[in-house]
Amino acid sequence: MKNDIYKKNILIAIKKIIKKYKEPFWIYEEKTILKQIKKLKKFDVIRYAQKSCSNINILKIMKENNLKIDAVSYGEINRAIQSGFSPKNNEIIFTSDIFEKKTLLKIKKLNITANIGSIDMIKQLGKISPGHKILLRINPKFGYGHSKKTNTGGENSKHGIWKINDAIKKVKKYKLKLLGFHIHVGSGVNSKNLKKMCKYMKKKVIKINKKINIISSGGGISIPYRKSEKKINIKKYVKKWIKTKKKIEKHIKKKIKLETEPGRFLVAKSGFLISEVRAIKKTSKYKFILLNVGFNDLIRPAMYGSYHKISVIKKNNKKIDLKKTEKVVISGPLCESGDIFTVKKNGDITTRNLPKISIGDFLLFHDVGAYGSSMSSNYNSRTLIKEFLLTKKNKIKTIRKKQKIKDLIKLEIIK
């Protein structure tokens with residue numbers, strides 16, 4: 001479809017909201033989420049990493065489709081419960097490298113399985129809750145990510161347990177119940193690190209020789225943000241992990257469950273961020289298009305040098321002349337020189353070739369369903385913007401109201 005928006009229903013919904021609602025907003029398409037879930041159905045358990053998009057209405061979609069949930073904070077545990085997930089039957093697993101005190105007490109009280117990322121966590125949980133169910137998160141001594149900031153394995157990563165044998169000794173000492181092992185190397189699985197992950201998991205489990213119940217392949221299943229980027233071969237990914245599972249089962253002589261823990265893969269392509277052009281200015285080098293959203297809303301480009309496809313909707317729904325394009329820098333309103341959306345991987349400014357843009361036009365950021373809204377902030381005292389869902393029945397539903405400035409200020413008024 002022209003103008004890079006390939007789904008007619010989502011485009012119709014966006015235009016309807018623009019006509020009625022004159023401020024920036026997020027919108028997610030439920031059908032895309034369901035399509036992504038379906039691709040992973042051969043795993044025994046799909047465990048949604050809610051940090052990627054934690055709106056409770058998105059979590060409810062996951063619950064309705066029999067996914068389980070990964071929580072990484074006290075707040076995410078509460079979001080999961082609010083969305084209908086039960087602490088029983090491993091519906092919620094808590095993953096972290098530390099226990100904050102109130103989180104530890106909550107996990108003990110609700111008997112939530114913990115995915116342990118440090119030996120200190122074993123000691124802290126074992127002292128107050130002997131017999132508690134746990135997984136161990138292994139640092140496989142290598143990692144990978146689309147950015148060095150998203151690499152979760154190797155000697156430069158704080159994540160996971162480096163000396164797994166020491167951890168096993170502590171598990172035994174504190175009488176914790178070891179259910180299995182989790183591995184995660186970072187964001188962006190490829191065939192090379194997939195092979196290494198599976199080999200490392202198999203080697204460690206066989207060496208430790210415990211009667212476990214679960215192996216978790218972690219997350220890291222990415223999506224292509226550019227046309228030039230290759231899609232991950234999901235069939236190959238699933239097949240490789242199932243093969244690894246069977247080898248482990250053969251060795252320990254019992255059936256185990258194979259989990260996957262995607263976040264980005266399930267929701268990234270479902271999300272759009274819509275903003276309005278409020279100013280245009282030129283320097284001797286660049287033409288800047290200034291929007292009414294900034295990196296407080298979408299931080300991925302500024303933080304990681306990430307690319308997001310951008311489309312234009314003309315004001316008053318005017319037709320776009322695709323033959324007339326210009327190279328522009330897309331930027332936000334923040335009092336920050338780094339508030340730029342068109343950047344290279346190293347953070348340097350770059351341009352994007354787009355149809356000619358005027359004040360009052362709308363720009364759409366694609367593939368922002370993961371780590372978009374969930375990483376938004378109140379920097380510059382800017383409020384969180386509204387969120388919509390286009391349901392599987394093509395109904396537009398508000399799933400988060402626009403935050404008001406009084407909501408921020410009232411937290412600071414102490415009488």
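**Exercise 1. Decide whether V267 is buried or exposed, and describe its surroundings.**

Solution. Start with the accessible area: V267 has a relative accessible area of 0%, so this residue is buried. Keep in mind as you work that the model is predicted. Next, place the residue in its element: V267 belongs to helix α10, which covers residues 264-267. Then look at the neighbours beyond four places in sequence, where V267 touches I33, Y48, S52, C53, I58, M62, G369 and A370. Finally, try a distance along the chain: S358 is 91 residues away from V267, and their C-alpha atoms are separated by 31 Å.

**Exercise 2. Work out how many disulfides the chain has, and whether C53 and C198 are buried or exposed.**

Solution. First recall the bond itself: a disulfide covalently joins the sulfur atoms of two cysteines. The test applied here asks for a pair of cysteine sulfur atoms within 2.5 Å. By that rule the count is zero. Now turn to the accessible areas. C53 has a relative accessible area of 2%, and the cut-off for buried is under 20%, so C53 is buried. C198 also comes out at 2%, so C198 is buried too. You have already met C53, as one of the residues that V267 touches.

**Exercise 3. Classify K406 as buried or exposed, and find how far its C-alpha atom is from that of T383.**

Solution. Begin with the element: K406 sits in helix α12, residues 405-409. Its relative accessibility is 53%, and exposed means over 50%, so K406 counts as exposed. For the distance, K406 and T383 are 23 residues apart along the chain, with 9.7 Å between their C-alpha atoms.

**Exercise 4. Find out whether the radius of gyration agrees with that of a compact globule, and describe the fold as a whole.**

Solution. For 415 residues, a compact globule would have a radius of gyration near 22 Å; the chain has 23 Å, so the two agree. Add the extents: the C-alpha trace spans about 65 × 55 × 45 Å along its principal axes. The secondary structure consists of 12 helices and 17 strands. Of the 415 residues, 55% are buried. Now consider contacts between residues at least 6 apart in sequence: 69% of them join residues at least 24 apart.

**Exercise 5. Describe the exposed area and the charges of the chain.**

Solution. Take the area first: the chain exposes about 21000 Å², and carbon and sulfur atoms supply 51% of this area. Then count charges: there are 101 positive and 30 negative ones, and their mean positions lie 7 Å apart.

Definitions and conventions
Residues numbered from 1 in each chain as written. Predicted model: local features only at pLDDT ≥ 70, side-chain atom pairs only at ≥ 80, totals over all residues. Heavy atoms only, no water. Helix = DSSP H or I, 4+ residues; strand = E, 2+ residues; numbered from the N terminus. Rg over C-alpha atoms; globule rule 2.2 N^0.38 Å. Buried < 20%, exposed > 50% of the residue type's maximum accessible area, 1.4 Å probe, protein only. Contact = heavy atoms within 4.5 Å. Areas by Shrake-Rupley, 256 points an atom, 1.4 Å probe, with all protein chains shown as cover. Lys, Arg positive; Asp, Glu negative; His and termini not counted. Charge placed at Lys NZ, Arg CZ, Asp CG, Glu CD.
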